[in-house]
Amino acid sequence: MRLLSLRQATIRHSGTPALEGVDFHIDKGEIVTILGPNGSGKSTLLRSLIGALPLSSGTLDRAPGLRIGYVPQKLHIDPTLPLTVRRFLSLPKRIPNAVAEAALDDVGLPDLGDHPMAGLSGGQFQRVLLARALLIRPDLLILDEATQGLDQPGSAAFYQKIEQVRADLGCAVLMVSHELHVVMAASDRVICLNGHVCCEGAPAQVASAPEYQALFGTGTHGTLALYRHEHDHSHDHDHGPGCDHGPAEHGHPQP
Amino acid sequence: MTLFDDFIVLAALAGIGVAIAAAPLGCFVVWRRMAYFGDATAHASILGVALALTFDTSILAGVLVTALLMAGTISALSDRGYAMDTLLGVMAHSALALGLVAVSFLRDVRVDLMAYLFGDILAVSLTDIAVVWIGAALVLVILWWRWSSLLTATLNPELARASGIAPHREQLVLTLALAIVVAVAIKVVGVLLITAMLLIPAATARTFSNTPERMAVMAALVGTLSVLGGLLMSFRLDTPTGPTIVAMGTGLFLGASLITFLRRSTS
C-alpha cells in the first residue's frame with residue numbers, strides 16, 4: 001500500500017531551489033533511507049513530507065488517515081519550560097498513565113516518567129522521542145538523523161529497536177542517516193540525494209552506482225569518506241541552498 | 001464599607017483579574033521568548049488611545065484594534081525571517097513615540113497621559129472591573145481550549161506539524177490573547193509595565209514548577225500576591241500603585257531566584 005508519494009516536487013528557499021524535480025514514494029512496511037552530503041536537501045525533503053514546508057511545484061499525496069510518527073534531528077527545550085518525561089509523552093494528546101509507563105518500558109526506560117526532560121542523557125532523550133512517536137501507532141515513522149550524538153553501541157541499539165518496531169507495528173520507516181554500515185544492513189531501499197535524486201534502489205545496487213560513488217567514494221574507502229565528511233568538516237563551510245541549519249549546529253558524536 | 005475600603009477592594013479585584021489572565025499567557029511569552037513582542041504590542045496601544053480619543057470611540061476598542069494590528073504585523077514579519085530583535089525594538093519605540101505625539105495634538109481633550117503610561121488602578125470603576133474580568137475570562141477560555149496545541153507548537157513547530165497542528169494558527173491565537181490582555185491591563189498597570197505583569201510572575205513561577213500547567217497556576221498566584229502586596233505597600237508608603245505592584249513582583253522574583261541559587265549550590 002502506498003503511504004506517501006511526491007511527484008516532480010520542487011522546493012525553493014527564498015528563490016533558490018533546495019530540491020528540484022524529486023519523485024519519491026514509500027510503501028507500507030518499507031525501510032527507506034535517505035543519504036546525501038550536508039546541504040543536499042535531506043531535512044528539506046522530510047519537512048515537506050510532514051507538511052511543514054510547502055512545495056513550490058509538484059504534488060504530494062498522502063494515504064487518507066495516515067498517521068506519522070516523527071522523531072526530529074534534535075529537540076531544543078527552552079530551559080524556562082518545565083517538562084517531565086511523562087508530560088512530554090502527553091503532547092499533544094493526553095494519555096493514561098499506564099500507557100505512558102508501557103511506552104517507556106518498551107524503549108527500555110522504566111520509572112523515568114517524573115524525570116525532567118532537561119536532565120536526560122542524549123541516548124535517553126532520543127529514546128523518549130521515539131516512545132512519543134510510537135504512541136500513536138504510526139503507519140509511517142520518520143527519523144531525521146535520530147542517532148546524531150549517540151555513540152556506536154548506542155546507535156546500533158537504536159536501529160535494532162527500529163527494526164523491532166517495524167516487525168511489531170508493520171509500519172514503514174523513513175530515515176536520514178550518515179551511518180553507511182547501518183544503512184546497508186537495515187534498509188530495503190536507499191535514496192541518494194543531492195538537490196535532486198542522484199540514484200535509488202536496493203543498498204547494494206546504490207553502492208555500485210557511479211552517482212553514489214561520485215558523492216561518497218567506493219568500497220571501504222566510501223565508508224571512510226563518509227566518516228571523514230562527518231567528523232572533519234569545517235564549521236565555516238558554505239552551506240548549500242537546501243541546508244537550513246546555522247554554521248554552529250553540526251552535532252558530533254561524542255566519544 | 002467606608003470609601004477607602006471600597007476603592008482598595010475595587011483596585012484589588014481589577015488587579016487580580018489582570019494577574020490571572022496574564023499568568024498563563026506570560027508563561028508562553030517566556031517559553032517562546034516573546035518578551036519584546038509583548039513590549040511592542042503594549043507600547044503600540046498608546047497609539048490606540050490617541051486614535052480612540054481622536055475619533056471619539058471607546059478606548060478599549062481603539063487599544064484592542066491597534067494591539068491586534070501591531071501583533072499581527074510582527075507575526076507576519078517574523079515569518080519572513082526579518083532580523084526580529086532590531087525590528088521589534090524599532091516598532092515598539094516608534095509606536096510609543098508616535099502615540100505620544102498623536103496625543104499631544106488633541107488640544108480639546110484633556111488627557112492624563114500618566115494614567116495610560118503607568119495605569120490608574122485606584123480609579124477603576126465597576127464597569128472597568130467587569131471589562132477586566134470579561135477579558136480575563138476570554139483569555140483563559142482561549143488558552144484552555146488551545147492549551148495542548150499551543151504547548152506542542154511552542155516545543156517544536158515540526159513536531160506539531162507531524163501531529164497535524166498548524167503552528168501558524170497557534171501563533172495567531174496567542175497574538176489575539178495578547179491583544180486582549182494589553183487592552184484590559186492598560187488601566188491597571190499602564191502600557192509601560194504590562195510586559196512586567198506577563199514576564200515577572202511566569203519567571204518567578206519557574207522555580208516552583210515541574211510541569212507547564214503548574215507553572216501557569218503558580219504564575220497566577222505570584223501575580224495575585226504582587227497585586228495585593230503592591231496595593232498595600234503603595235497605600236502605606238504613598239507610592240504610585242502600578243509601579244509598586246511591579247516592584248512587589250520583582251521582590252518575589254528575587255526571592256525565587258535566591259531559592260534556585262541555594263538549591264543549586266547545595267545539590
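Which residue does A:V32 stand opposite in β8(A)? Look at the strands of chain A and you'll find that A:R189 is the one facing A:V32 there. Bear in mind as you click around that this is a predicted model.

Let's stay with that strand for a moment. β3 of chain A covers residues 31-35, and four of its five residues are buried, so the strand is mostly covered. Strand β8, at residues 189-193 of chain A, runs parallel to β3(A) and is joined to it by four bridges. Then there's β7 of chain A, residues 172-176, which also runs parallel to β3(A) and is linked to it by four bridges. A:V32 has a bridge partner in β7(A) too, namely A:L174.

A:L174 is a handy stepping stone, since it turns up among the residues that A:I142 touches. Leaving aside residues up to four places away in sequence, A:I142 also touches A:L46, A:L49, A:I50, A:I68, A:G69, A:Y70 and A:V71. That puts us in the largest nonpolar core, which has 161 residues; A:I142 is among the members that touch the most others, along with B:V18, B:L25, B:V181, B:V182, B:A185 and B:A202. The top contributor to this core is helix α1 of chain B (residues 3-31), which gives 15 residues. Within chain A, domain 1 (1-67 + 137-215 + 232-243) and domain 2 (76-136) both supply residues, so the core lies between them. As a general backdrop, nonpolar side chains tend to be buried together in soluble globular proteins.

Now for those two domains. Taken over C-alpha atoms, the centres of domain 1 and domain 2 of chain A are 25 Å apart. Where they meet, twelve residues of domain 1 of chain A are in contact with seven residues of domain 2 of chain A. On the domain 1 side, helix α5 of chain A (residues 152-169) brings the largest share, four residues. That same side, sorted by class, comes out as six nonpolar, three polar and three charged residues.

Next, the contact between the chains. Here 21 residues of chain B are in contact with 19 residues of chain A. On the chain B side, the elements giving two or more residues are α1, α6 (126-155), α7 (157-162) and α10 of chain B. The class breakdown of this chain B side is ten nonpolar, eight polar and three charged residues.

A few backbone details are worth a look before you go. A:L91 and A:P92 are joined by a cis peptide bond, with omega at about -5 degrees. You'll find A:P92 in the loop between α2 (85-89) and α3 (97-106) of chain A. Then check A:Q8, which isn't a glycine yet has a positive phi of about 45 degrees. A:Q8 sits in strand β1 of chain A, residues 2-13, and counts as exposed because 12 other C-beta atoms lie within 10 Å.

Over in chain B, B:D238 is another residue other than glycine with a positive phi, near 55 degrees. B:D238 belongs to the loop between α10 (212-237) and α11 (241-266) of chain B, and is exposed, with 8 other C-beta atoms within 10 Å.

Last stop: A:D61, in strand β4 of chain A (residues 57-62). A:D61 has 13 C-beta neighbours inside 10 Å, so it counts as partly exposed. In sequence, A:D61 and A:L4 are 57 residues apart, but in space they are 5.7 Å apart, C-alpha to C-alpha.

Terms used
Residues are numbered from 1 along each chain as its sequence is written. Chains are lettered from A and ligands numbered from 1 in the order in which they are written. This is a predicted model: local features need pLDDT of at least 70, side-chain atom pairs count only at pLDDT 80 or more; totals for chains, interfaces and linings use all residues. A nonpolar core is a set of buried Ala, Val, Leu, Ile, Met, Phe, Trp, Tyr and Cys residues joined through C-beta atoms within 7 Å. A residue is buried if 20 or more other C-beta atoms lie within 10 Å of its own, exposed if 12 or fewer, and partly exposed in between; C-beta atoms are placed from the backbone. Domain bounds come from an automatic or database domain assignment. Two residues are in contact if their C-beta atoms, placed from the backbone, lie within 7 Å. Ala, Val, Leu, Ile, Met, Phe, Trp, Tyr, Cys and Pro count as nonpolar, Asp, Glu, Lys and Arg as charged, and the others, Gly among them, as polar. Two strands pair if DSSP finds at least two bridges between them.
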